[in-house]
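Dear colleague,

Please find the structure we discussed placed directly below. I would be grateful if you would keep it open while reading the notes that come after it.

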Amino acid sequence: FRSLRNSRMLKVIIAVLFVSQISAISVQDCGSQSIKLIKFATSDNKVRSNSILELTSHFDILNEIDSPVNLELVVKRKVWFAWVKVPCVSQLGSCTFENGCEKLREVIAGKDCPPGLVESGISCSCPLKEGSVRLDNHPIQFPDLGGIFGALATGNYQVRAKLVNPITGQVHVCVNVEAEVV
């Protein structure tokens, strides 16, 4: 009887693990020393291919962030019951980008700085000065992931993003993000 009960319990646990999914995009601080996250919300609870997601984020920059900083990303994808680290391939996945300030300049190049940053007196380049930042309903365009790549990219993800001074080891920013890509 005891082994039958344990067997049923095991089946219930496996079923719960199998069908459990991330029901919302979540962001949590994981030890930031220069940023204090106050509010984070999105217009949708999933990341959708070829769509616009509106982001609301309020945070304080407590200490100036300047070079040198590295951007360290650890990306994991849920495969069955386990989170599997996605390797760094063609600068996608679990990668470390040296000189994060230069990377920021590349990403922003030719694009307007989000109005919430400008209104808060924060520039889109280093150094990032102390201050309070409010991004309200800021649109983020996600590309079309059609075809085989889209099918492969669909799933639940965890991302840990850190901005770290490689000389002192100071973790300016550390956030854990969980999201479902559909």
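The notes below go from the chain as a whole to its sheet and then to individual residues.

Please bear in mind that this is a predicted model. The mean pLDDT of the chain is 80, and 84% of its residues reach 70 or more. Among the elements, strand β5 (residues 82-85) has the highest mean pLDDT, at 96, while helix α1 (residues 2-19) has the lowest, at 41. Over residues 1-22 the pLDDT is below 50, and this stretch has 15 contacts in the model beyond near neighbours in sequence. Where pLDDT is low, the predicted coordinates should not be read in detail.

Overall composition

The chain contains four helices and nine strands. Their sequence order is α-β-β-β-β-β-β-α-α-β-α-β-β. Of its 182 residues, 29% count as buried. The exposed area of the chain is about 11,400 Å², of which carbon and sulfur atoms supply 58%. Taking contacts between residues at least 6 apart in sequence, 64% join residues that are at least 24 apart.

The three-stranded sheet

Three strands form an open sheet in the order β2-β3-β7, and their pairing is antiparallel. Strands β2 and β7 (131-142) stand at the edges with a single partner strand each, so one side of each has no neighbour in the sheet. On average, neighbouring strands of this sheet are turned by 20 degrees against each other, direction ignored. Strands of a sheet pair through backbone hydrogen bonds, in either a parallel or an antiparallel manner.

Strand β3 (residues 51-61) is joined to β7 by ten bridges. Two of the residue pairs between these strands may help you to find your way: Ser 51 has Phe 142 in β7 as its bridge partner, and Asp 60 is partnered by Ser 132, also in β7. Between β2 and β3 there are seven bridges, again in the antiparallel sense. Here Lys 39 has His 58 in β3 as its bridge partner. Strand β3 is mostly covered, with nine of its eleven residues buried.

Buried residues in loops

Ser 34 lies in the loop between β1 (26-29) and β2 (35-42). Its relative accessible area is 0%, so Ser 34 is classed as buried. The side chain of Ser 34 makes a polar contact of 2.8 Å with the side chain of His 172. Apart from residues up to four places away in sequence, Ser 34 touches Asp 60, Ile 61, Leu 62, Asn 63, Ile 65, Gln 170, Val 171 and His 172.

Ser 94 is located in the loop between β5 and β6 (96-97). Ser 94 is also buried, with a relative accessible area of 13%. Its side chain reaches two backbone atoms: the nitrogen of Val 75 at 2.8 Å and the oxygen of Val 86 at 2.7 Å. Contacts of Ser 94 outside its neighbours within four places in sequence include Leu 73, Val 74, Lys 85, Pro 87 and Cys 88.

Ile 122 is in the loop between α3 (115-119) and β7. With 6% relative accessibility, Ile 122 counts as buried. The residues that Ile 122 touches, leaving out those up to four places away in sequence, include Ile 61, Cys 113, Leu 117, Leu 128 and Val 133. Ile 122 and Ser 132 are ten residues apart along the chain, and their C-alpha atoms are separated by 8.5 Å.

Backbone geometry

Three places in the backbone deserve a look. The peptide bond from Ser 67 to Pro 68 is cis, with omega near 0 degrees. Pro 68 belongs to the loop between β3 and β4 (70-79).

Trp 80, a residue other than glycine, has a positive phi near 60 degrees. Trp 80 sits in the loop between β4 and β5 and counts as exposed at 61% relative accessibility.

Asn 137 likewise has a positive phi, of about 55 degrees, although it is not a glycine. Asn 137 lies in strand β7, and its relative accessibility of 47% makes it partly exposed.

With kind regards

Methods: Residues numbered from 1 in each chain as written. Heavy atoms only, no water. Buried < 20%, exposed > 50% of the residue type's maximum accessible area, 1.4 Å probe, protein only. Polar contact = N/O pair within 3.5 Å; in protein donor to acceptor, adjacent residues only side chain to side chain. Contact = heavy atoms within 4.5 Å. Pairing = 2+ DSSP bridges. Axes fitted to C-alpha atoms, helices over the stretch in contact; angles between N-to-C directions. pLDDT = per-residue confidence, 0-100. Areas by Shrake-Rupley, 256 points an atom, 1.4 Å probe, with all protein chains shown as cover.
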